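The exercises below concern a predicted model. Each task is followed by a solution that proceeds step by step.

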Amino acid sequence: MKTDFGFFIAADPELCTGCKACELACFSAHSGSAPGKTVGSLSGFVTPNLHVVRTAGGWSLATCRHCEDAPCLNVCQPKAITRRGHEVVVDPALCTGCSDCIPACPFGAISIVPRRDFASQDSCGMAARKCDLCQDSADGPACVRACPNGALRLVDPECERRQKGVQAVETLIALSKL
Amino acid sequence: MTVGTIIKLNPERCVACYACVVACLDAHCAVDEDGPMLRRAIRVETDQGEIHCASLGCMHCEDPKCMAVCPTKAIYRDRETQLVQVDPGKCIGCHSCLVACPFGAPAFTKGNKMVKCDGCIQRVKEGRLPLCVQTCPSKALTFELPRTGGEESGPNP
Amino acid sequence: MTYITIDQTLCIGCRECAKVCPADAIQGLPGQPQSIDPQRCVMCGQCVQKCKSYIAPSFDMSRYTAIRRERNIPQTVLEPLFAAHFQSQLPQVKAALQDPQTVCFVQCAPSVRVGIEEEFGGAPGSLVPGKLSAALHRLGFDYVFDTNFAADLTVVEEGTELIHRILHNETLPMFTSCCPAWITWLERNHPDLTKHLSSCKSPQQMAGALFKTYAANRLGVSPENVVSIAVMPCTCKEFESQRPEMNVSGYQDVDVVITTRELAWLIKEAGISFSTLPDQPFDSPLGEYSGAGALFGATGGVMEAALRTGYELVTGEKFPAIDVSAARGSDGFRTAEVDVGDLKLRIGIVTGLEHAKPVIQQLQAGTLDLHFIEVMACPQGCISGGGQPKLLVDGDNPLVCSARTASIYAHDRALPLRRAHENPALQELYQQFLEHPGGTVSHRLLHTKYKEP
C-alpha cells in the first residue's frame, strides 16, 4: 500500500489572522547564501514560497500541496519536477525557467525567481521555486515556527485522516447525547 | 439518534465490529491491495473509561466542504442519488478535500488520486443497499435516499 | 504631527502590535484595520518592529511607490514596507545638507553603531563606529559628533544630582530621564510622580544644547546657522527634540532626528558602500567618549556607567569591579545593592515599559526602597529601539539583541578610558564652559522640567 503521501503546510482558518509572519520567515529562510536578518538588508523583490489569502472561509495558504498527481510535474518537459518521498521537488539544475508549471498549478504555488537567490550567488537566469518543506533545515518548516498564533501545521495525510476520524467520533458521540 | 445523510449512523448501536470495514474493502479493493480503508471503524476510550464506537465513511454532506475547496472541480454530487463522488480524471491529489473534511473521509491511493466512500453508488442505482448497511449486524448503519424517505437497514443477521 | 501610524490599506487587523504596545494605544476590532490613539501612544515604536503586514515592490509596484512617497522614503529604497510605520524626517535632513548657508552638526547614539551594518547585510551587532563616522562625513555633515560624549556628560551631571538628593534627603528614588517614551508615559499617567525624574536632559538633548552654544562658539560658527541633527535607535527622539522647552539657549537643541534605518536609506541613496569604508574618528570637541558613555544603549548601561563615576565621587576611590554584573541582564525588573563607601546604594533597572507599572505601584504604596532606578521603555534597552534595523523573523530577536548588547559591552572593554569623568574632552568642557557639575550653566542648558499636575 502506498505510504509516502505528500506532506504540506496548511493553516487553521480559526487561528490564522493573515499577518504574513510566515511569508517573511519563509523568504528569510530561502534567501540564498548571503541573507540579511533585517528588512533594510533586502534590496530585491520578496518572493516567499507561501502566501496568505483571504477566502470565504477565512485565511488560507496558497502554497504547494505536494500533490499526489501533481500537474506541475506532469507538464514539466525537462523533467525538473519529480516526486521524492513525501515531497514534490524542483531540481534547479534541470529547470530551464520556461514557466509552464506556473499556470499548471491551481494554487499559484510556484514562483520564477533569480537563480542566484537560492543557488550559488553567481548563478544567472531564472528558475522555478516552491515550498520545499524546509528540508535543508534541522528545525523544520520556518513558517510553522514563525506563526505567532500556532495556526500552521505540517500535514501528514495519514495522521490527518486518523486524527480527524477520532475527533469526528468524539463530536458525534457528544451530538447523540443531546 | 442517528447522524449523517443517506448512509446514517446510530453511534449507540455501533460496536466497532469491523464488519462494515471488511465488506467495504472487499467490494472496493483489488485482492492484492490492502487499502486504503474507505470506511473506518473507530473506537475511542474516554478518560472516564467509556468506550465509544463509530463507523465512518463519507457523510455525503448537504454542504460538502470537499466540493467547495476542490480546485479542479473533481468532486461532484450525483444528481440521481445525491451521493458525493470524485472524478479521478480531474483529481490531482492535492489533499485540499482532506484538510476541509471534518471527518477525514478522503484517502489517497497508489494511483495518486483521492478515493472515498462513494455510497456504493452502483448498488444504490440498482435499488440495492450499500454493503456496509447491508452487512451491519447491529443495525447501527441505515440507509435513506433523500427523495424516498423511510429508513432501510440490512436483513437480520 | 504624527510620529507613528498604521496604514489602513495594509493593516489586516492581526493585532500583534497591540500585544506588544505597553501603552494600550492600539485600537480596532480583530480583522479590521487598527489605529493608534495619539493621546496614549508613547512612540516607543515596538509596533513598528512587530508588524508583519508588508507590501513589496514585486506585488504592486505603483501602489508600493505611492506608499513609499507618502512616507518620505527615498526612491532608492526597495525593502518591504509595513502597515505600522514612522514618518521619515529625511527630507528635512537632506534640505539642511544641501543648503549652503547651514552648518550641519550631527550626533549618533551608542546603539546606532551596533545596529547599522545589519542594514548592509552585516552580522548582527557588528560594531562599526569608525564606518559610521566615515559615512556621515561623506554624506556632507560638517561636524560629526557623538551622543556618547554627551552620555559621559549625563553620567557626571546625573551622578552629582543623585548624590545631592541622597545627602540632602530630597526626592527619592530618582528615575533616569534619558528615555522620552518613559517620560511621556509618566507625565501622562502619573504627573504627580515626575518630581522623581532626574532633572537631567537626555544625552541627545544635552549634546544638542552644546552644539548651539559651546561647540558653535569654539568652531566659530554662528548658532543660527547650525542645524542640529541626531541619529537615534528611537522613534520617540524626534518627539523629544520638538518639545517646546528644549530651546533655553535661544535655539532648538535638536532640530531633527532620524532613525538608524533612515540613516541606512540615506547612505544607500548616496551610493556609499558602507561595508568598505575606512574608519574615521568622530570630531572634536564633542566626539570623544569613554566606555561608560558607550554603555547607554544596553539595559543597565546607564546604571553601570553612573556607578563607575558616582562611586568615585563619593568615596574618592575607583569602583573596584568595573564591570557591574549586577546591572547587566535582561529581566524586566531587577534590583541590586552596591556598597558605595558607607552607603548601601540600592539600585533598580526596568527594561520594557510594562515592567515600570508594578514599580510605580510600589512607589505609590510606599514600599519601593530604592535610591536610583534606570528605566528604558524598549524590551532590551535602546539597542532594541523602534528605529533600529527591523527583523524579518521574530525568532531571530534573542540572537540579534544579545549580539548588539555584547558589542556594546565589548566596545566598552576595548576603550582606553572606561569612566565618564576621565574623558579629557569632558573635563575640558567643564573647565571652559560649564564650570562644575550641577552648576548654573549646567542647570540652564542641560537640565529641564517636566509636566506636573
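**Exercise 1.** Determine whether C:D7 is buried or exposed, and establish what its side chain meets.

*Solution.* Step 1: the relative accessibility of C:D7 is 10%, and a residue counts as buried under 20%, so C:D7 is buried. Step 2: the side chain of C:D7 meets that of C:R71 in a salt bridge, with N and O 3.5 Å apart. Step 3: in sequence the partners are 64 residues apart, and the pair links distant parts of the chain. C:D7 belongs to the loop between β1 (4-6) and α1 (16-20) of chain C, whereas C:R71 belongs to the loop between α3 (61-70) and β5 (81-82) of chain C. Step 4: C:R71 has a relative accessibility of 3%, and therefore counts as buried as well.

**Exercise 2.** Locate C:E240 and C:K237 and state how their side chains meet.

*Solution.* Step 1: the two side chains form a salt bridge with an N to O distance of 3.0 Å. Step 2: helix α9 (residues 237-241) of chain C holds both residues, which are three residues apart, about one turn of the helix. Step 3: C:E240 and C:K237 are both buried. Step 4: elsewhere, salt bridges with shared partners join C:E304, C:R308, C:R328, C:D412 and C:R418 into one network. Over all chains, the count of salt bridges comes to 37.

**Exercise 3.** Which chains does the salt bridge of A:D69 and B:K113 join, and where does each residue lie?

*Solution.* Step 1: the side chains of A:D69 and B:K113 meet at 2.4 Å, N to O. Step 2: A:D69 is in the loop between β3 (58-63) and α2 (71-75) of chain A, and B:K113 is in the loop between β6 (107-108) and β7 (114-115) of chain B, so the salt bridge joins two chains, A and B. Step 3: B:K113 has a relative accessible area of 17% and is buried, because the cut-off is under 20%.

**Exercise 4.** Describe the contact between chain A and chain C, beginning with its area.

*Solution.* Step 1: about 2,400 Å² is buried between the two chains, and carbon and sulfur atoms give 65% of that area. Step 2: of the area that chain A buries against chain C, 29% is supplied by A:L24, A:K37 and A:V39, more than by any other three residues. Step 3: chain A contributes 26 residues to the contact and chain C contributes 30 residues. Step 4: the rule finds one salt bridge across this interface. C:D396 forms a salt bridge with A:K37, their closest N and O atoms being 3.9 Å apart. Step 5: there are also 11 residue pairs in polar contact across the interface. Step 6: on the side of chain A that touches chain C, α1 (21-29) and β2 (50-55) of chain A each supply at least two residues. The largest share, five residues, comes from α1(A). Step 7: this side of chain A divides into 11 nonpolar, 11 polar and four charged residues.

**Exercise 5.** Which of the two pairs of chains that touch has the most contacts, and how far apart are the closest C-alpha atoms of chain B and chain C?

*Solution.* Step 1: chains A and B have the most contacts among the two pairs that touch. Step 2: chain B and chain C are joined by no contact, and their closest C-alpha atoms are 22 Å apart.

**Exercise 6.** Characterise the surroundings of B:S55.

*Solution.* Step 1: B:S55 is placed in strand β3 (residues 51-56) of chain B. Step 2: its relative accessibility is 5%, so B:S55 counts as buried. Step 3: the side chain of B:S55 makes a polar contact with the side chain of B:R39 at 2.6 Å. Step 4: beyond four places away in sequence, the residues that B:S55 touches include B:L9, B:C14, B:C20 and B:L141.

**Exercise 7.** How many residues form the largest nonpolar core, and which helix gives the largest share?

*Solution.* Step 1: this core has 138 residues, and those with the most contacts inside it include C:F175, C:W182 and C:L263. Step 2: helix α8 (residues 203-219) of chain C gives the largest share, eight residues. Step 3: another core, of 39 residues, lies apart from it and has A:C22, A:L61, A:A70 and A:C76 among its members. Step 4: not counting residues up to four places away in sequence, C:W182 touches several residues, among them C:F175, C:L197, C:L353 and C:I360.

How values were computed:
Residues are numbered from 1 along each chain as its sequence is written. Chains are lettered from A and ligands numbered from 1 in the order in which they are written. This is a predicted model: local features need pLDDT of at least 70, side-chain atom pairs count only at pLDDT 80 or more; totals for chains, interfaces and linings use all residues. Side-chain values use heavy atoms; hydrogens and water are left out. A nonpolar core is a set of buried Ala, Val, Leu, Ile, Met, Phe, Trp, Tyr and Cys residues joined through side-chain atoms within 4.5 Å. Buried means under 20% relative accessible area, exposed over 50%, partly exposed in between (1.4 Å probe, protein chains only). Helices (H or I, at least four residues) and strands (E, at least two) are DSSP runs, numbered from the N terminus. Contact means heavy atoms within 4.5 Å. Buried area is the accessible area (1.4 Å probe) that two parts lose on being put together, summed over both. A salt bridge is a side-chain nitrogen of Lys or Arg within 4 Å of a carboxyl oxygen of Asp or Glu. A polar contact is a pair of N or O atoms within 3.5 Å; within protein, one must be able to donate a hydrogen and the other to accept it, and residues adjacent in sequence count only if both atoms are side-chain atoms. Ala, Val, Leu, Ile, Met, Phe, Trp, Tyr, Cys and Pro count as nonpolar, Asp, Glu, Lys and Arg as charged, and the others, Gly among them, as polar.
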